[in-house]
Amino acid sequence: MNAQKRHEIFTRLQAENPHPTTELNWNTPFELLAAVLLSAQATDVGVNKATARLYPVANTPQAIIDLGIDELKAHIKTIGLYNTKAENLMKTCHMLVDLHGGEVPGTRQALEALPGVGRKTANVILNTAFGQPTMAVDTHIFRVSNRTGIAKGKDVVEVEQKLLRHVPKAFLHDAHHWLILHGRYTCIARKPRCGSCIIEDLCDYKDKTELA
């Protein structure tokens, strides 16, 4: 795939959705961090239901510490793996209070030092909360990047690096969200909906479907 095709792909994605964002509900960097920590192997809808119960009661690191681990678990028990997630979130809250004055740090190194925060989660926070041009490659972005030919790679790090290199700078900040949404609703895993895809004519995928 050449640079002209990539530019046209993101031009169309931008025209369809000028201001893409995460489907997780959040108002502060900490609310986003907590939601992302809770989202592993869970749907955004399920996480939003849990945080709708939790955040009115506790939506800062200190407030969650004050809430206590048992109450935290009770508020998020509808989410899969809630015991482990609650433990990680509580440890993260203590680290944020002890090391960062209760604020979410804006550097990759500090974020990845937090319990349960890996490279992908750090990229989400840096991009969505702090506006940095990072690329959090999840299963959707990995699939879309390889299937379309936008950025082929054997693993998520290779795809991330190629996306950062090949996505036109004007689109880099929002590319993460466009690719996730495209993978979630159009370029789905088993049978992509090529019949309703706005970039179908630019895509390198050979086994296109008629599904809309």
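1. Let's start with how H8 and H11 cross: in this predicted model, the crossing of these two helices is left-handed. Their axes come within 10 Å, and the crossing angle is roughly 120°. That angle makes H8 oblique to H11. If you want to find H11 on your screen, look at residues 172-185.

2. Which residues make the contact between H8 and H11? On the H8 side you'll find Val124, Asn127 and Thr128, and they meet His173, His176 and His177 of H11. Sort the residues of this contact by character and you get one nonpolar, five polar and no charged.

3. Now try H9 (residues 139-148) and H10 (residues 156-166), whose axes also come within 10 Å but cross at roughly 65°. H9 passes H10 in a left-handed crossing. From H9, the residues involved are Ile141, Phe142, Ser145 and Asn146, while H10 brings Val156, Val159 and Leu163. Here the split is five nonpolar, two polar and no charged.

4. Next, the inside of the protein. As a rule of thumb, nonpolar side chains in soluble globular proteins tend to be buried together. The largest nonpolar core in this model has 34 residues, and Phe30, Leu33, Leu54, Ile64, Leu72, Leu89 and Leu111 are the ones with the most contacts inside it. Several helices each supply at least two residues of this core, among them H3 (44-54), H6 (82-100) and H8 (119-129). Which helix gives the most to this core? That would be H2, with eight residues.

5. Leu33 is a nice one to click on. Leaving out residues up to four places away in sequence, Leu33 touches Thr92, Leu96, Val104, Leu114, Val117, Thr121 and Ile125. There is also a second, separate core, made of 22 residues, including Phe10, Ile150, Ala151 and Leu179.

6. Two loop residues deserve a look at their backbone angles. Gln41 has a positive phi of about 55°, even though Gln41 is not a glycine. You'll spot Gln41 in the loop between H2 and H3. Is Gln41 buried or exposed? Gln41 counts as exposed, because its relative accessibility is 75% and the cut-off for exposed is over 50%.

7. The other one is Leu81, also a residue other than glycine with a positive phi, this time near 60°. Where is Leu81 found? Check the loop between H5 and H6.

How values were computed:
Residues are numbered from 1 along each chain as its sequence is written. This is a predicted model: local features need pLDDT of at least 70, side-chain atom pairs count only at pLDDT 80 or more; totals for chains, interfaces and linings use all residues. Side-chain values use heavy atoms; hydrogens and water are left out. A nonpolar core is a set of buried Ala, Val, Leu, Ile, Met, Phe, Trp, Tyr and Cys residues joined through side-chain atoms within 4.5 Å. Buried means under 20% relative accessible area, exposed over 50%, partly exposed in between (1.4 Å probe, protein chains only). Helices (H or I, at least four residues) and strands (E, at least two) are DSSP runs, numbered from the N terminus. Contact means heavy atoms within 4.5 Å. Axes are lines fitted to C-alpha atoms, for helices over the stretch in contact, and angles run from 0 to 180 degrees between N-to-C directions. Angles under 35 degrees count as roughly parallel, over 145 as roughly antiparallel, 65 to 115 as roughly perpendicular and the rest as oblique. A crossing is left-handed if the near helix is turned anticlockwise from the far one by less than a right angle, and right-handed if clockwise. Ala, Val, Leu, Ile, Met, Phe, Trp, Tyr, Cys and Pro count as nonpolar, Asp, Glu, Lys and Arg as charged, and the others, Gly among them, as polar.
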